[in-house]
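Work through the exercises below with the structure open. Try each task before reading its solution.

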Amino acid sequence: MASAAPNLDLKAELAEHGFVLIPSLLSQDELKTLRSATAGSTAAARNGKWPHIRTLPKQFPPWGSDPSAGIWGVQHLLHPSQPSTEPGVYAKSYFHPGVLAAVTEILSCKSEDLVMELYNLLVRPDADFALRWHRDDIAASATAEEELEVLKKPITHAQWNLALYDDQSLIVVPGSHKRARTDEERAAEPYQDHIPGMKVVGMKAGDAVFYDNNILHRGVYLADRERATLHGSMGITAGEKDRARNVLQHGVGGWVDESDFSKLEGTWQGRPLREVAEGMRERLKAMGTGEGIGFFSKDE
């Protein structure tokens with residue numbers, strides 16, 4: 001199995017620290033193409049021409065579709081109606097060989113195990129904005145025992161940020177994905193600037209960081225700093241039951257059947273990349289539409 005980063009054991013690094021940085025996953029040509037596409041998608045979102053957005057100052061779903069208070073993200077990059085300068089440009093980056101190599105290495109799986117999940121864009125906010133300290137699958141009110149019950153489960157998906165511009169927005173507490181919060185972390189203010197042991201994950205344009213979504217983390221986004229960071233996840237069939245709510249709460253089940261992956265070229269693990277993508281979509285569809293599933297609460 002080809003590695004996305006030959007000098008790194010991605011699975012071991014992520015298991016130990018809760019995150020792993022892959023430098024230069026994208027080429028300069030890929031960066032140029034994706035910057036152009038994301039600029040168009042972001043402009044459409046800010047101008048009210050794309051309703052699937054992350055609105056200020058709301059941190060977690062559900063979000064509305066009115067951008068008048070500002071936005072910090074663009075949802076559903078693989079939506080068939082997503083405006084971009086090149087058809088299929090986002091699919092090419094989601095099913096990118098470097099991404100697939102990283103995911104299959106981290107999850108110790110093959111392409112036929114993979115499930116298509118989410119693909120969104122995190123952008124420069126219209127006003128300075130920050131996320132509170134959180135874990136994606138564990139409410140802030142959880143007891144230490146409840147935290148450990150979730151944390152002991154094997155990982156069944158991979159999540160990443162892929163930066164199109166230099167990005168220092170993600171802040172993590174390395175190793176916190178393996179333990180309950182300390183008393184100090186539990187008592188910390190939601191937006192506390194500093195927690196002992198925290199690390200700012202510095203990314204250069206083209207770098208990707210894969211991270212355990214239950215690592216203790218937050219984001220800090222500045223209005224005067226350009227940002228276009230692709231935020232994606234892929235799962236495996238073994239995790240469908242646990243992942244259904246987190247994935248389908250975003251509404252992806254309502255349109256995924258219409259996505260067009262016909263322009264994908266090349267092969268992956270001996271199969272046409274187009275077939276790999278279509279298989280992943282079918283496994284997502286098998287999870288259901290998400291109608292009536294509700295939203296996971298992080299005690300916002």
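A salt bridge is a side-chain nitrogen of Lys or Arg within 4 Å of a carboxyl oxygen of Asp or Glu. Keep that cut-off at hand, and note that this is a predicted model.

**Exercise 1. Decide how Lys-178 and Glu-16 are joined, and say which parts of the chain they tie together.**

Solution.
- Start with the distance. The closest N and O atoms of Lys-178 and Glu-16 are 3.6 Å apart.
- Apply the cut-off. A salt bridge needs such atoms within 4 Å, so Lys-178 and Glu-16 form one.
- Place the residues. Lys-178 lies in the loop between β7 (170-172) and α6 (183-187), and Glu-16 lies in helix α1 (residues 10-17), so the pair ties together parts that are 162 residues apart in sequence.
- Check accessibility. Lys-178 is partly exposed, at 46% relative accessible area. Glu-16 is partly exposed too, at 45%.

**Exercise 2. Classify Glu-147 and Arg-181 as buried or exposed, then describe their link.**

Solution.
- Recall the limit. Buried means under 20% relative accessible area.
- Compare the values. Glu-147 has 0%, so it is buried. Arg-181 has 14%, so it is buried as well.
- Look at the side chains. Glu-147 and Arg-181 meet in a salt bridge, 3.0 Å from N to O.
- Locate the partners. Glu-147 sits in helix α5 (residues 144-151), and Arg-181 sits in the loop between β7 and α6, 34 residues apart.

**Exercise 3. Examine the pair Lys-285 and Asp-257, then find the salt-bridge network.**

Solution.
- Take the distance. The side chains of Lys-285 and Asp-257 form a salt bridge at 2.7 Å, N to O.
- Place both ends. Lys-285 belongs to helix α8 (residues 273-285) and Asp-257 to the loop between α7 (240-248) and β12 (267-268), so this bridge connects parts 28 residues apart in sequence.
- Read the accessibility. Lys-285 is partly exposed at 31%. Asp-257 is partly exposed at 48%.
- Trace shared partners. Arg-135, Glu-147, Arg-181 and Arg-186 are joined into one network by salt bridges that share partners.
- Take the total. The whole structure holds eleven salt bridges.

**Exercise 4. Give the strand order of the open four-stranded sheet and identify its edges.**

Solution.
- Read the order. The sheet runs β5-β10-β7-β8, with antiparallel pairing.
- Find the edges. β5 (129-130) and β8 (199-200) each have a single partner strand, so one side of each is left without a neighbour in the sheet.
- Inspect one pair. β7 and β8 run antiparallel and are joined by two bridges.
- Name a bridge. Ile-171 has Val-200 in β8 as its bridge partner.

**Exercise 5. Find the residues that touch the most other members of the largest nonpolar core, then list the contacts of Met-116.**

Solution.
- Begin with the core. It has 60 residues, and Phe-95, Met-116 and Phe-210 touch the most other members.
- Follow Met-116. Leaving aside neighbours within four places in sequence, Met-116 contacts Leu-78, Tyr-94, Phe-95, Trp-255, Val-256, Phe-261, Met-280, Arg-281 and Leu-284.
- Add the other core. A second, separate core of nine residues includes Ala-163, Val-201, Val-209 and Tyr-211.

**Exercise 6. State how many cavities of 30 Å³ or more there are, and name the lining of the second largest.**

Solution.
- Count them. The search finds two.
- Take the volume. The second largest cavity encloses about 30 Å³.
- Name the lining. His-76, Leu-77, Glu-117, Leu-118, Tyr-119, Asn-120, Val-252 and Trp-255 line the second largest cavity.

Methods:
Residues numbered from 1 in each chain as written. Predicted model: local features only at pLDDT ≥ 70, side-chain atom pairs only at ≥ 80, totals over all residues. Heavy atoms only, no water. Buried < 20%, exposed > 50% of the residue type's maximum accessible area, 1.4 Å probe, protein only. Pairing = 2+ DSSP bridges. Core = buried A, V, L, I, M, F, W, Y, C linked by side-chain atoms within 4.5 Å. Contact = heavy atoms within 4.5 Å. 1 Å grid on protein atoms, 1.4 Å probe; cavity = no way out; pocket = protein on both sides within 12 Å on 5 of 7 lines; lining within 4 Å. Points joined across faces, edges and corners; volume = space filled by probe spheres on them.
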